[in-house]
Amino acid sequence: MTLRERLAHLHRRLGFGATQAELDRDEKLGFNRALDRLIDYEDVNEEFDVSPYEFCWRTSEKAEADVGTYRFRAWWAFRMMATQRPLQEKLTLFWSGHFAAGDDKVEDGPMMLDYLQGLRANACGSFENLLNFVSKCPAMMRYLDMTRSLRGNPNENFAREVMELFTLGIGGGYTEKDVQEVARALTGWGYMHMMYELPGDMTGKLNDSIKYGRPFSSFTYMPVMHDPGEKTILGTTKHWTGDEVLKVLANHQSTAEFVCRKLWTFFAYEDPEPEVVEMVARTFVRTRGDINTVIRTIVRSKQFWSEKCVYQMAKSPADFVIGMARVQGIGIETMKFRDSKSDVHTQINQRIMNEAGSVAYRLDRMGLSLLVPPNVAGWNWGKAFLSPAMMAERFQYTGNYIEDKGKPDKAAQNTIGWVASKSPKTSKEAAALYLQLYGVPASASATKTLTEVIDKAGGIAAFKNINQWGGLNYLLNRVLVAAPEMHVC
């Protein structure tokens, strides 16, 4: 593989695919520095300062602010399209499946936003810190019916999910008695929900929440409701507390294997070999669950660059939709609708809401409803997203159309315009460039089909006539989304 091909593979897996400008930049950086830029994303200017609360204000001054989760789903879709930290969003998406909590049961926008922001803040750090956050997150506690866990009446369901879904996994070496004892250790835990207790309408409540940095819900611990007795957990008997239990579970060998198998499946390929899981789990154990180093271990492995991995993963709806949108520059172009004076108290431009909302809607239609996983186990990544019904939805998506008065739409300018800038001499050359632009393998069949579309549109002359760009872009994308190669990464 050439350096550019390696970088493209890296971006497809650690992000949503790379634009040609990003690949140009990373070629100059070299592989190691480009990898650091992707993984050490805290050092990168995100270039996204849009507050989720900008999506909550209403057009009418008399209408109350709307904090429905659908608004935060649109904001997240916008962020995925526009961010300069794609791995942060890709990991946030992964953790929202691993630590699944859904608004279909939580039914509370601010709770779901706090959950989302916590996943993002801890996405590439310590797994122990992430587990601690999630286990005390009101959205998760509400999702798993953990309003209160009291001495003499512990919540075994919550304890079971923490062990089975978050840490040790099914068959992770624990017993039903361990579940019961962990539930006892978590007694005294609960959450407060102040949204409906505070006075005033939603607009006033939201303004106060922003002004005072006050969340609408919060984890609470009631010492008098904690069961102080001895408990035997995973073979150790002592006066366990909830925090001590989480620490042990986060750093357990079974947790390392369970989490690393899921990370490998998400970033590399399904059904990893035992030796691969063991290799990545060793890093997890050695670093006490440092996700940054675990990701590096995955990327540095020979298997990540093997024929079994490259272009062998089925794209998730996010890989497909967000990937197309980023290539077309939709995030950057949409951001231009935002007033430079906008802030947390300003209603987002309706064009941004519409574009972002349409992307979130497309993801939903393709089986990836942001913040609404199908069940407590989250999504099945990979081939599960390629059902006939989901593929039919994909065939309807050709990107977003952003009008530019007197010119072709922005997507066409950023795609057909790029191909034209390379001065292709034949329709076949132009077809190959178009496939390169979207990071699609230039198979004989895909190249042939696109070449035929270009020929019917007038050949190379169509790229030289700016008035044809919009129509040509639409035609090529209709063919592109029907190509099997477009749905692997």
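In this predicted model, S423 sits in the loop that runs between α21 (410–421) and α22 (427–437). Its backbone does something a little unusual to look at: S423 is not a glycine, yet its phi is positive, at about 50°.

S423 has company. D145 is another residue other than glycine with a positive phi, in this case near 60°. You'll find D145 in the loop that links α9 (138–143) to α10 (156–167). D145 is partly exposed, its relative accessible area being 47%. Then there is G329, which comes just after α17 and has a positive phi of about 75°.

**Two enclosed helices**

That brings us to α17 itself, which spans residues 317–327. How many of its residues are buried? The count is 11 of the 11, so α17 is largely enclosed by the rest of the structure. The buried set includes the charged-looking names you might not expect to see in such a list: D319 and R326 are both in it. Alongside them are F320, V321, I322 and M324, among others.

Helix α4 (residues 69–82) makes a good companion to look at. Of its 14 residues, 13 are buried, so α4 too is largely enclosed by the rest of the structure. From first C-alpha to last, α4 reaches 20 Å, close to the 20 Å expected at 1.5 Å a residue.

**The nonpolar core**

Now for the packing. The largest nonpolar core takes in 154 residues, and the members that touch the most others are L14, F55, F78, L91, W95, F99 and M140. Which element gives the most to this core? That is α4, with 9 residues.

W95 is worth a click in the viewer. Setting aside neighbours within four places in sequence, W95 is in contact with Y115, L119, A123, F127 and L130, and also with V259 and I291.

**Cavities**

The structure holds 2 cavities of 30 Å³ or more. Here they are with their volumes and the make-up of their linings:

| Cavity | Volume | Lining by class |
|---|---|---|
| Largest | about 70 Å³ | 4 nonpolar, 2 polar and 5 charged residues |
| Second largest | about 30 Å³ | 2 nonpolar, 3 polar and 2 charged residues |

What lines the largest cavity? Its lining is made of H11, E22, R25, D26, A34, R37, L38, Y41, Q84, R85 and P86. The elements that give two or more residues to that lining are α2 (20–29) and α3 (31–39).

The second largest cavity is lined by H11, G15, F16, G17, E22, P86 and R326. H11, E22 and P86 also appear in the lining of the largest cavity, while R326 is one of the buried residues of α17.

**Three buried spots to look up**

Start with N477, which lies in helix α25 (residues 469–480). Buried or exposed? N477 is buried, with a relative accessible area of 0%. Not counting residues up to four places away in sequence, N477 touches M324, Q328, T398, Y434 and Y438. Of those partners, M324 is among the buried residues of α17. For a sense of distance, the C-alpha atoms of N477 and V106 are separated by 38 Å, and the two residues are 371 apart along the chain.

Next is K136, in the loop between α8 (127–135) and α9. Why does K136 count as buried? Its relative accessible area is 18%, and buried means under 20%. Beyond its neighbours within four places in sequence, K136 is in contact with M141, W189, F219 and D243. K136 and F258 are 122 residues apart along the chain, and 21 Å separates their C-alpha atoms.

Last comes G188, found in the loop between α11 (176–185) and β1 (189–193). G188 is buried, with a relative accessible area of 0%. Leaving aside neighbours within four places in sequence, its contacts are S149, T220, Y221, M222, M225 and H226. One of these, T220, is 32 residues from G188 in sequence, and the two are 8.1 Å apart in space, C-alpha to C-alpha.

Technical notes. Residues are numbered from 1 along each chain as its sequence is written. This is a predicted model: local features need pLDDT of at least 70, side-chain atom pairs count only at pLDDT 80 or more; totals for chains, interfaces and linings use all residues. Side-chain values use heavy atoms; hydrogens and water are left out. Helices (H or I, at least four residues) and strands (E, at least two) are DSSP runs, numbered from the N terminus. The expected span of a helix is 1.5 Å times one less than its number of residues. Buried means under 20% relative accessible area, exposed over 50%, partly exposed in between (1.4 Å probe, protein chains only). On a 1 Å grid over the protein atoms alone, a cavity is a set of points where a 1.4 Å probe fits but cannot get out, and a pocket is an open set with protein on both sides within 12 Å along at least five of seven lines; lining residues have an atom within 4 Å of a point. Grid points are joined across faces, edges and corners, and a volume is the space filled by probe spheres set on the points. Ala, Val, Leu, Ile, Met, Phe, Trp, Tyr, Cys and Pro count as nonpolar, Asp, Glu, Lys and Arg as charged, and the others, Gly among them, as polar. A nonpolar core is a set of buried Ala, Val, Leu, Ile, Met, Phe, Trp, Tyr and Cys residues joined through side-chain atoms within 4.5 Å. Contact means heavy atoms within 4.5 Å.
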